[in-house]
Amino acid sequence: MNYLVLAFTMFFTQFALAQRVVVDHRQAQEAYELLNNIRTNPEEYTKELNLFNLQKIKRTKLNWNKQLAEVAVYRAKDMAKRSYFDHVSPEGFGPNYFIEEAGYKLNPEWLLKRSANNFESIAANRASATAAVKALIIGKESPGYHHRTHLLGMDQWNASLYDIGIGYVECKGAKPYESYLVVIIAKHDW
């Protein structure tokens, strides 16, 4: 009997949480516009985002990609519904797997490890998608500025990426996170 009560409670909790997950496409678009503004005019954001090495920033705009946006929304919703925060799903699948599954063709070498992540930056518990992008670029939670390098194309690999999709979801009252941002910046294998 206790097992049945526990199973029902877990199901109800997951169901209730799933009902509170709200996808906010407008905020995702605002984050996209902000990121392109930062990339094309980083001097404007030097003080606010503590930017340095401005010469390394790839000063080209990223192209919105519907497939990548769908993957980003899926990833954000999945983390919110199942209360985890990681580049790898509980089943062990990483962003590269989900990108390929959505029909965005990747180099087969990028798929050899099912948990591979060459393209994703994530943030949680931010009041807005733009606040999350800024936090990733500032990089206090991620030593080494890895997200900054990814989002601003500051090394050879990340500078070669040109398509972007962003997903932002809110789940008010959820624990431990009330929002999730997923930014996927990738390129096709030509």
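## Helix 6 and its packing

Let's start inside the fold: the buried residues of helix 6 pack against helix 2, helix 3, strand 3, helix 7, strand 4 and strand 5. Bear in mind as you look around that this is a predicted model. The buried residues of helix 6 are Ala 129, Ala 132, Val 133, Ala 135, Leu 136 and Ile 137. Just after helix 6 comes Gly 139, which has a positive phi, near 80°.

## The chain as a whole

Stepping back, the chain contains eight helices and five strands. Following the sequence from start to end, their order is α-β-α-α-β-α-α-β-α-α-α-β-β. The chain has 190 residues, and 47% of them are buried.

Among contacts with a separation of 6 or more, 66% are between residues 24 or more positions apart. The chain has an accessible surface of about 10,100 Å², and carbon and sulfur atoms contribute 56% of that area.

## Helix 2

Helix 2 covers residues 25-40, which is 16 residues. From first C-alpha to last, helix 2 reaches 23 Å, close to the 22 Å expected at 1.5 Å a residue. At its N-terminal end, helix 2 is capped by Asp 24, with a side-chain oxygen 3.2 Å from the backbone nitrogen of Arg 26.

Several residues of helix 2 are buried, including Ala 28, Ala 31, Tyr 32, Leu 34, Leu 35 and Ile 38. Gln 27, Asn 36 and Arg 39 are also among the buried residues of helix 2. The partners that the buried residues of helix 2 pack against are helix 3 (46-49), strand 2 (63-64), helix 6 (129-138), helix 7 (146-152), strand 4 (163-170) and strand 5 (179-186).

## Two residues of strand 3

Strand 3 spans residues 120-124 and includes Ser 121. Ser 121 has a relative accessible area of 1%, so it counts as buried. The side chain of Ser 121 makes a polar contact of 2.7 Å with the side chain of His 150. Beyond its neighbours within four places in sequence, Ser 121 is in contact with His 87, Leu 136, His 147, His 150, Leu 151, Leu 181, Val 182 and Val 183.

Glu 120 is also found in strand 3. Glu 120 is buried because its relative accessibility is 5%. Its side chain is joined to that of Arg 75 by a polar contact of 3.0 Å. Setting aside residues up to four places away in sequence, Glu 120 touches Arg 75, His 87, Pro 95, His 150, Val 182, Val 183 and Ile 184.

## Leu 161 in its loop

Leu 161 sits in the loop between helix 8 (156-159) and strand 4. With a relative accessibility of 3%, Leu 161 is classed as buried. Apart from residues up to four places away in sequence, Leu 161 touches Leu 62, Asn 118, Phe 119, His 150, Ile 185, Ala 186 and Lys 187.

Leu 161 also offers a nice view of how the chain folds back on itself: Asn 63 is 98 residues apart from Leu 161 in sequence, but their C-alpha atoms are 9.8 Å apart in space.

## The largest pocket

The largest pocket has a volume of about 210 Å³. It is lined by 14 residues, and those closest to its centre are Phe 85, Ile 122, Ala 123, Leu 136 and Glu 141. Strand 3 and helix 6 are the elements that give two or more residues to this lining. Leu 136 is a good residue to click on: besides its place in the pocket lining, Leu 136 is one of the buried residues of helix 6 and is in contact with Ser 121.

Note on methods: Residues numbered from 1 in each chain as written. Predicted model: local features only at pLDDT ≥ 70, side-chain atom pairs only at ≥ 80, totals over all residues. Heavy atoms only, no water. Helix = DSSP H or I, 4+ residues; strand = E, 2+ residues; numbered from the N terminus. Expected span 1.5 Å × (residues − 1). Buried < 20%, exposed > 50% of the residue type's maximum accessible area, 1.4 Å probe, protein only. Contact = heavy atoms within 4.5 Å. Polar contact = N/O pair within 3.5 Å; in protein donor to acceptor, adjacent residues only side chain to side chain. Areas by Shrake-Rupley, 256 points an atom, 1.4 Å probe, with all protein chains shown as cover. 1 Å grid on protein atoms, 1.4 Å probe; cavity = no way out; pocket = protein on both sides within 12 Å on 5 of 7 lines; lining within 4 Å. Points joined across faces, edges and corners; volume = space filled by probe spheres on them.
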